[in-house]
Amino acid sequence: MRVEEGFQPVPFVEGNPYSTDPVLPALLKRILPSDVFQDVNEDLERFGGEVLTTVRDLSKRATPPQLIQYDSWGRRVDDLRTSEGWRGLKDVFHREGIVSIAYERKYGEHSRPYGFAKLFITAADSDVTDCPMSMTDGVARVLELIGSPALKRDVFTRLIRNVFRRDPGQAYTAGQWMTERPGGSDVSRTETVAVPVPGATSPYGMQYKIDGFKWFSSATDSDVALALARTGRPEDGSRGLSLFLIPVRLPLVRPPGAPRPSALTNNIYIHRLKNKFGTKIVPTAELSIQGAEGYLLGQPNQGVKLITPVLNITRTHSAVGSVAYFRKCLAIATAHSTARAIKGGTQLLKDTPLHVSELAKLHVLYRALVHFVFGSVILLGKTECGVASESESLRLRLLTPAIKAFAAEKCPTAIEECMTMLGGEGYMEENGITKLIQDGLVEKIWEGTITVLSLDLLRAVEKSAALDAFVKWADEILASCPGQLARTLAEPLAVLRKALAALVDAYKAPIHPLLPRPALFLFSHVASSVNMLEHAIWAVTTSESGAEIDVEAFKRWVLEGGLDAAMADVTRNKNSPNDRTQANSTIVYGGNGGRAGARL
């Protein structure tokens, strides 16, 4: 039999990633003023079509980078070669203003949700292009806050070139170089050192000579980078680190159309490209910095504090990216159910209750994650525009590590479930799910593991009134539930109030050493539930067409989405005996604490 003969499978059809999304259009309608929503909605519908055509075509042409370290005469050249597809995808991001929208601020504090909505519908189809773009976003924010007038003129404007012409040819991208071999996320052991250059003057800031070795550089093809380097004593740890802007290639500013110099022009050597499990299109490298020119940002020995805006922004990008990957896979699984028939071809999967039940669980999780992440994005926009209340700024401090951690925890497993919804076809490379699993797993590591983020959340609770602000906001949303809806949702509302009380109790001192991670998950369940309730109240009050679905999704998320398990896990760890940590060590390393050497 020829392949054209016999049964022919019916391929699923994906719709516009924005207009067919079950959550995003209504969410934006709620959070944006009507005139802003009209503009944004129209642009997102247009761009959704571009994602299905232009972006996907470029993604097919994106291939892993190559590094040519020496030419035929044995001279060091460090020629980093990236693909046409990769460069084209970055051009799309620049042209569409995915970074610059937030800095144009045409719509004030609403510009952040607009920009992240645009990222949300393209992230799963753009081969991790948002990796350098997220760092470009973070570096732009730092320069906006503390950059010298010359840096704002020559670098900041090129990072957000869209403010002028949205000309990709003139746009810059940026990286951040923090990770080193001794410490990973712990920058206190940073080996890179910076010393002032005597007599050197620069309009960009005090000039330093920088030497060190950076273990992960995910934007090696960028134009500039932020880096931490030691200006204090090694024993000062992170308190001896300063923040620098390093030109990846010199001259920093070049005439339009001028060839792009090698990083060797600033004494930056590409030791090797990383051989990674995923994100293979991204040129991630190890860098040997041997006397690079850099410019001090802010005050000496304040580097960790000054780089915080970068972390806040890149962690938000990470959370949006995780859920965006889930979005595409869920759309594929849902579309497939409308085309695939079982029982001798007489019944579609969409008419099979058991299959649809599992899809519904994924849809509820998806709704919770979208509302949770964009709830934080709203506060980021307000904070950057100076219109956030003190309470909103405090809540953002809690939400930023939480959305990144919770999305990274939930999305990979959900994507795997979407894969199984397609059976054997789901395991094929062509549909893209396998690649999204590989690329998406990096979010569990990049910009802090879940454990690291749980400790960050704990510090925010201990050092500020952020938890009080969060509880006050949650109580206000709960109290705003109108009478009939409150009666309909009596059970989930009671459970949510109980969980809120458990959250407050979880963070009462003294904190058990095993508690931070379970507490983060409880916080995330509670916060996402309140976000969903807020949306459901709006949908019911304004008689939106999807109000019944919003109410049911909130109910299921609270009662069936894992909130009860999160509360139980917090209680178990909070009340666990003091010797449990020792028991953990015994389970992992044996009775001798892992001191015995290996025997052959």
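Modeller: Buried means under 20% relative accessible area, exposed over 50% and partly exposed in between, with a 1.4 Å probe and protein chains only. The model is predicted, so local features need pLDDT of at least 70 and side-chain atom pairs count only at pLDDT 80 or more, while totals for chains, interfaces and linings use all residues. Residues are numbered from 1 along each chain as its sequence is written, and side-chain values use heavy atoms, with hydrogens and water left out.

Colleague: Why does Phe326 count as buried?

Modeller: Phe326 has 0% relative accessibility, and the limit for buried is under 20%. Phe326 therefore counts as buried.

Colleague: What makes Phe326 and Tyr366 an aromatic pair, and of which kind?

Modeller: Rings of Phe, Tyr and Trp (its six-membered ring) pair if their centres lie within 6.5 Å; planes under 30 degrees apart count as stacked, over 60 as edge-to-face and the rest as tilted. By this rule there are 13 aromatic pairs. In one of them, Tyr103 and Phe156, the centres are 5.9 Å apart with 85° between the planes, which is edge-to-face. For Phe326 and Tyr366 the values are 5.6 Å and 90°, again edge-to-face.

Colleague: Where along the chain are Phe326 and Tyr366?

Modeller: Phe326 is in helix α9 (residues 308–337) and Tyr366 in helix α10 (residues 353–384), 40 residues apart. Helices here are DSSP runs (H or I, at least four residues), and strands are E runs of at least two, numbered from the N terminus. Ring pairs also join Phe326 and Tyr366 with Phe120 and Phe374 in a cluster.

Colleague: Why is Tyr366 called buried or exposed?

Modeller: Its relative accessibility is 1%, so Tyr366 counts as buried.

Colleague: What makes Arg181 a charge over a ring?

Modeller: The rule asks for NZ of Lys or CZ of Arg within 6 Å of the ring centre and within 35 degrees of the ring normal. The charged end of Arg181 sits over the ring of Phe213, 4.2 Å from its centre. Arg158 does likewise over Tyr172, at 5.8 Å.

Colleague: Why is Tyr589 called buried or exposed?

Modeller: Tyr589 has 52% relative accessibility and therefore counts as exposed. Tyr589 belongs to helix α20 (residues 580–589).

Colleague: Why is His525 called buried or exposed, and what does it touch?

Modeller: His525 has a relative accessible area of 3%, so it is buried. His525 lies in helix α17 (residues 516–541). Contact means heavy atoms within 4.5 Å. Not counting residues up to four places away in sequence, His525 touches residues including Phe406, Lys410 and Trp557.
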